[in-house]
Amino acid sequence: MALLSVRNLSVEFGPRDKPIAAVANASFTVESGQIVGVVGESGSGKSTMCTALMRSLQSTARVSGDIDFDGKSLLSLTLAQMRDIRGRDLSMILQNPMTSLDPLFTIGNQAREVLRLHGARPAATERDAVDLLRKVRITAPEMRVSQYPHQMSGGMKQRILTAFATASSPKLLIADEPTTALDATVQEEILSLFWEIRNTSNVAIIIVTHDLSVVRRISDRTLVMYAGRIVEAGPTQAVFGNPKHPYTQGLIGSMPRVVDGRVELNSIPGQVPRLDQLGAGCAFAERCTHATAACARQPAYRTVGAQHEVACWHQDTSASIPPFAPSVQ
Ligand SMILES: Nc1ncnc2c1ncn2[C@@H]1O[C@H](COP(=O)(O)OP(=O)(O)O)[C@@H](O)[C@H]1O
Ligand SMILES: [Mg+2]
């Protein structure tokens, strides 16, 4: 059974008669030890979906569907039960490492607090804090524990947050844009750290980013989101090597590439539609060169390869295609 199984997850904001569907009918699974990348332009619902998985959305959000995690149905747990899972089996690294550490306390203090909260070490010592930092390969951890966040680089802070988020040996780690604020070299280091943590602990990781190159290198599976919907999902190699949705094709086509020593940038013409102005059909249709009258209806998911599904009417339907069901592996 999958570690995480999400079925028809929807998140709505705003008035009930004119709702904003930030996430619409998302279904996917994550296996133990799997790295799943979630990509899509800003505003496509990536953060909302992750926050819904943690059940950390503000109370005005209306969440429906099923989230099965480690044999539990998360949406039916009490908040107290959910708190217990959050930060233990299910952990999240937030988007902005600059604001997630407390500026008033030393790194050592904060590390000990994390260890205490996880119950890993009720009386965590400075030595435990040093060990925690060493796990994420912070150099000179003995010195670092007595320093404050402002004395650290962005990359080091992200390493520390990764150490904190994995201190409880979670089964699933959700990282929302963990490298966005970092320069390219440091981004590489953080990605190899994730890779290493997965390989040594078998934690599953959902990594959210608008940077496709990150997902291409690190993830086993890729989910592509557009206007709140997962429009394509598949093994990373298939999604990048044989993208089926015109949006995925556009995203990949707009990845920066070096041509004759110059960086070439293309972008998909048009803009992400406003979520309060979506019609009933495919939200990408107005930017899509393949759009036809069929796109006035919401596309069904079609299987286009092994564990590879796409929501687009303009796919080869010559093969007999089973209706979409969450991937079973
Ligand atoms: N609290 C909220 N109230 C109303 N709309 C929201 C709220 N949070 C998110 N949204 C809507 O959800 C959309 C998706 O946001 P988000 O999940 O942050 O996207 P991403 O992480 O992909 O950039 C936003 O464009 C916004 O319209
Ligand atoms: Mg986001």
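**Exercise 1. The hairpin of E1 and E2**

Task: In this predicted model, work out in which sense strand E1 and E2 pair, and over how many bridges.

Solution. Start with E1, which covers residues 4-13, and follow its pairing with E2: the two run in the antiparallel sense and share seven bridges. Next, pick one of those positions to look at. Serine 5 has threonine 29 in E2 as its bridge partner. Now check the stretch linking the two strands: the hairpin has six residues between them, and glycine 14 takes a positive phi near 80° there. Last, ask how covered E2 is. Eight of the eleven residues in E2 (residues 20-30) are buried, so the strand is largely enclosed by the rest of the structure.

**Exercise 2. Around ligand 1**

Task: Find which residues surround ligand 1, and which helix gives the largest share of that shell.

Solution. Begin by listing the neighbours: Phe13, Ala22, Glu41, Ser42, Gly43, Ser44, Gly45, Lys46, Ser47, Thr48, Gln58 and Leu275. Sort them by class and you get three nonpolar, seven polar and two charged residues. Then look at where they come from: helix H1 (residues 46-53) supplies the largest share, with three residues.

Now go down to atoms, taking oxygen atoms of the ligand one contact at a time:

- Serine 44 puts a polar backbone atom 3.1 Å from an oxygen atom of ligand 1.
- Glycine 45 also uses its backbone, with an N or O atom 3.1 Å from a ligand oxygen.
- Serine 47 works through its side chain, where a polar atom sits 2.9 Å from an oxygen of ligand 1.

To finish, check the cover: ligand 1 taken alone exposes 560 Å², and the protein buries 65% of that.

**Exercise 3. Two positive phi values**

Task: Arginine 137 and glutamate 177 each have a positive phi without being glycine. For each, say where the residue is found and whether it counts as buried or partly exposed.

Solution. Take arginine 137 to begin with. Its phi is near 55°, and the residue is found in the loop between helix H5 (126-135) and helix H6 (141-144). Its relative accessibility is 42%; buried would need under 20% and exposed over 50%, so arginine 137 counts as partly exposed.

Now do glutamate 177. Here phi is near 50°, and the loop in question runs between strand E7 (172-176) and helix H8 (184-201). The relative accessibility of glutamate 177 is 7%, so this one counts as buried.

**Exercise 4. A buried arginine**

Task: Which residues does arginine 287 touch, leaving out those up to four places away in sequence?

Solution. Locate the residue: arginine 287 is in the loop between strand E12 (262-264) and strand E13 (301-305). With a relative accessible area of 10%, arginine 287 is buried. Its contacts are Glu41, Tyr226, Ile268, Pro269, Gly270, Gln271 and Val272. Zoom in on one of them: the backbone oxygen of proline 269 lies 3.0 Å from a polar side-chain atom of arginine 287.

**Exercise 5. Helix H11**

Task: How many residues of helix H11 are buried, and what do they pack against?

Solution. Count along residues 246-253: six of the eight are buried, which makes H11 mostly covered. By name, these are Pro246, Tyr247, Thr248, Gly250, Leu251 and Ile252. Then trace their partners, which include strand E3 (35-39), helix H9 (212-218) and strand E9 (221-226). Strand E10 (229-235), helix H10 (236-241) and strand E11 (257-259) complete the set.

Terms used: Residues are numbered from 1 along each chain as its sequence is written. Chains are lettered from A and ligands numbered from 1 in the order in which they are written. This is a predicted model: local features need pLDDT of at least 70, side-chain atom pairs count only at pLDDT 80 or more; totals for chains, interfaces and linings use all residues. Side-chain values use heavy atoms; hydrogens and water are left out. Buried means under 20% relative accessible area, exposed over 50%, partly exposed in between (1.4 Å probe, protein chains only). Helices (H or I, at least four residues) and strands (E, at least two) are DSSP runs, numbered from the N terminus. Contact means heavy atoms within 4.5 Å. Two strands pair if DSSP finds at least two bridges between them. A residue is near a molecule or strand if one of its heavy atoms lies within 4 Å of it. A polar contact is a pair of N or O atoms within 3.5 Å; within protein, one must be able to donate a hydrogen and the other to accept it, and residues adjacent in sequence count only if both atoms are side-chain atoms. Accessible areas come from the Shrake-Rupley method with a 1.4 Å probe; for residues, only the protein chains shown count as cover. Ala, Val, Leu, Ile, Met, Phe, Trp, Tyr, Cys and Pro count as nonpolar, Asp, Glu, Lys and Arg as charged, and the others, Gly among them, as polar.
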